[in-house]
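Colleague: I am new to this model and would be grateful for a close look at a single part of it. Please choose one region and describe how its elements are arranged.

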Amino acid sequence: MGWRNSPPREERLPWKLFGVLLAVGLPLASCGIMPEEEELPAAPVIRSYEAEEYQQTTVMRGDMVLTKRVKCTYASARQEKYSFSLGGLYIDKVYVSEGQQVEKGTLLAQLEQGDLPRQISDGEYALRAMQVSRSYLPEYQRLERERKDALIADMEYQIKDRMAWSKNDQTEEEKAAYIDQANAILLQQIELEKQRDAAVEADARKLQEADDAIYIAGLRLQELREELQERRIYADINGTVTYLQKTKEGDRSVKGKVFVILADLDTVVFTVKGEDARYFPVGTQTTVLCGKKEFPVRAVEPSELGLPQQQEGDEPMAYLQLLQPDPTLENGESGTVQVTLDQREDVLYVNKEAIKAAEGAQFVYMLDENGLKVLREVVTGLESDDYIEVVSGLAEGDSVIVN
């Protein structure tokens with residue numbers, strides 16, 4: 001501890017003494033008997049000092065380590081959040097509960113469905129009927145073409161037969177009758193050939209119309225299924241229900257609000273999010289303090305956990321996997337990791353509260369040999385929570401003022 005002088009305080013002769021001198025001096029001067037008296041010297045100045053106590057600290061030598069405590073959470077690295085894509089509809093059924101394990105594809109919850117299931121069933125029946133009809137259409141058209149070809153061939157035979165009869169020894173009237181018959185059949189043949197040729201284009205058109213009808217029916221059915229899908233939530237991973245919104249009868253859905261969370265507990269690790277993730281490059285081994293227990297961990301690639309690689313724009317994430325599994329840890333527990341940011345060996349350091357700064361310079365206050373406060377400029381280096389490195393300006397064991 002040190003002391004210093006306070007500003008001087010002047011004290012002069014008491015007024016009573018001055019009054020006595022004045023009473024004696026005035027009569028003598030008035031009578032003129034006493035010789036002229038010399039002027040008295042000024043009263044001496046009496047100074048008093050008040051000692052002021054300072055809190056001091058000592059400059060020490062040793063190793064400095066700059067650390068930071070990083071928060072982490074023991075949670076599933078792979079989890080999915082589900083919500084309804086439609087709002088304002090009654091919540092019809094919830095098929096799972098918290099803690100329940102489910103497989104991929106499990107129906108988790110659904111909203112009111114109205115007559116959508118019936119419409120979908122009718123649409124599926126109509127579509128199957130169209131597809132069956134379409135599958136038989138080419139065969140029917142082929143058989144119809146063969147029937148017409150057979151009729152045309154038969155007409156050709158009849159024409160030849162009539163023409164042959166017209167050349168036999170018969171009367172002219174009979175010959176003319178056979179020729180008329182042959183011509184009539186020929187006209188029928190020509191008309192049938194036109195119908196056959198026109199049927200080829202018609203058949204192609206019918207096939208296209210059938211395909212179009214099937215396509216449109218399929219689109220409509222898909223729309224109905226998607227509308228039903230929007231009212232349902234299915235699991236797309238194997239996992240455990242870690243969160244489920246509490247509901248009661250008459251509750252309605254809120255579009256986009258998380259309704260259920262599934263976590264793959266086979267990929268539970270300590271995760272570090274945000275800028276602090278940069279302290280844990282892949283392969284880093286460290287220790288997580290969770291409660292009063294330490295857990296050795298190693299930073300791993302997302303692919304080791306079955307996760308996709310992070311893309312540009314994603315929030316930085318580090319995954320710290322336990323070197324030894326521990327069943328006592330529960331999903332959601334918080335922990336900390338002490339990260340060394342910098343360290344210096346065998347350096348001078350002092351309580352950082354002793355360092356002052358002004359106009360770009362750093363300095364400390366000390367007491368000189370007379371107990372007076374003096375200023376000394378210093379240069380500092382590494383700074384931790386409580387201490388700061390002294391590069392120059394002080395020596396080991398120096399005492400400096402803290403307050």
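Modeller: The following account concerns one small sheet and a pair of helices. The model is predicted, so that local features need pLDDT of at least 70 and side-chain atom pairs pLDDT 80 or more, while totals for chains, interfaces and linings use all residues. Residues are numbered from 1 along each chain as its sequence is written, and side-chain values use heavy atoms, without hydrogens or water.

The sheet is open and has three strands, in the order β4-β6-β7 with antiparallel pairing (strands are DSSP runs of E, at least two residues, numbered from the N terminus; two of them pair if DSSP finds at least two bridges between them). Its edges are β4 (91-94) and β7 (232-234), each of which pairs on one side only. On average, neighbouring strands of the sheet are turned by 15° against each other, direction ignored. Strand β6, residues 107-111, runs antiparallel to β7 and is joined to it by three bridges. Within β7, Tyr234 is the bridge partner of Leu107.

The helices (DSSP runs of H or I, at least four residues) are α2, residues 116-165, and α3, residues 172-230; they pack at an angle of about 170°, with axes 9 Å apart (axes are lines fitted to C-alpha atoms, for helices over the stretch in contact, and angles run from 0 to 180 degrees between N-to-C directions). Helices α2 and α3 are therefore roughly antiparallel to each other, a term for angles over 145 degrees. The contact of α2 with α3 comprises 26 nonpolar, 10 polar and 15 charged residues (Ala, Val, Leu, Ile, Met, Phe, Trp, Tyr, Cys and Pro count as nonpolar, Asp, Glu, Lys and Arg as charged, and the others, including Gly, as polar).

Technical notes
Angles under 35 degrees count as roughly parallel, over 145 as roughly antiparallel, 65 to 115 as roughly perpendicular and the rest as oblique.
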